[in-house]
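Trainee: I have a model open and would like to practise justifying the labels we put on it. Could we go through some together?

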Amino acid sequence: MNIVVAESAGFCFGVKRAVSMVEEQIELHPDKKIYTYGPIIHNENVVEHFRQQGVEVMEEDSDPASYENGIVILRSHGVSKKVQENIIAAGHTAVDATCPFVKKIHNLAKDASEKGDYIIIIGDRSHPEIQGICGWIEGRDFTCIETEEEAENFSLDDSTRKITVLSQTTFNHKKFHDLVEILGKKGYDIYALNTICNATEERQDEAARIAGEVDVCLVIGGRNSSNTRKLYDICRQKCPETYFLETADDLNREVLCSARSVGITAGASTPAKIIQEVISKCQK
Ligand code: F3S
């Protein structure tokens, strides 16, 4: 049986970096209390693994002062300036594991708003990444746009004011261009920066390509991980024999019996260890 594993399966660069920063802090400060601001990634196995090493999850929107002083690691999708300041003001040491691609958006939002630009963020306003970005805009003069309808309805009192448009890292390229086009037709002075990260798209494209070439496709990730569900849907369209697994225990060997080839991919928060266990079970 031929096993094809997607190169882009599992953690992206930013998540890998954040997870290794937690490992590094555990090693450097065995005597200190270590927190992650919210779960470090959406994977219970990883959160539990760190919990056993003493890493506690600081609840988002809680008062950092109510926690014993320690080191607080900020996650890859970043936090607002206010959250970071509150953590430091409460006496903790903040370790910034914000993905450099997200940090770049924070800086763009901050610099453009300081120059007086109005900011439009294209993305899901309820996502923590967007809330973090909005929290770096000076003067809070901004809006979030997610749909064509919202773009159509957008208007600014001062039509001569420059507008900087930024996007959520995981937003869809085509949708971003469509929304910018709608905004552009309104005659404003628009400066649009495509700040979409390609990691998600590359993972999805590779998954679709592999799924189209194999008899059985395995998609590994947390049940509540939306990007893994999306991967599953993409693979399912290309390969009817697609299965969703959380761990190797979910793999029913019978589905592999008549398969000559198996494709394996995994969501952005699936640890390499779990992917390896699934591969080993397939090989057996
Ligand atoms: Fe990952 Fe950073 Fe892109 S967290 S999805 S590499 S923006």
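**Labels and their reasons**

Mentor: Gladly! This is a predicted model, and a good place to start is β10 and β11, which run parallel and are joined by four bridges.

Trainee: What makes β10 and β11 count as paired?

Mentor: Pairing needs at least two bridges, and here there are four, so the label holds. Within the pair, L218 stands opposite Y243 in β11. The chain gets from β10 to β11 through α9, in a right-handed β-α-β crossover.

Trainee: Which residues does L218 contact beyond its neighbours within four places in sequence?

Mentor: Y243 is one of them, and others include L245, V262, I264, V278 and C282. L218 also joins I264 and V278 in touching the most other members of the largest nonpolar core, which has 30 residues. Elements giving two or more residues to this core include β10, α9 and β11. Apart from it lies another core of 18 residues, with V22, I26, F50 and V95 among them.

Trainee: Now α1: how do you know that its length fits its 16 residues?

Mentor: At 1.5 Å a residue, α1 should span 22 Å, and its end C-alpha atoms are 22 Å apart, so the two agree.

Trainee: Which residues of α1 are called buried?

Mentor: They are G14, V15, A18, V19, M21, V22, Q25 and I26, each under 20% relative accessible area. Their arc around the axis is only 150°, which means they lie on the same side of α1. K16, E27 and L28, on the other side, are exposed.

Trainee: What do the buried residues of α1 pack against?

Mentor: Their partners are β2, α2, β3, β4 and β5.

Methods. Residues numbered from 1 in each chain as written. Predicted model: local features only at pLDDT ≥ 70, side-chain atom pairs only at ≥ 80, totals over all residues. Heavy atoms only, no water. Expected span 1.5 Å × (residues − 1). Buried < 20%, exposed > 50% of the residue type's maximum accessible area, 1.4 Å probe, protein only. Arc of directions from axis to C-beta. Contact = heavy atoms within 4.5 Å. Core = buried A, V, L, I, M, F, W, Y, C linked by side-chain atoms within 4.5 Å. Right-handed = clockwise from strand over helix to strand, strands pointing away.
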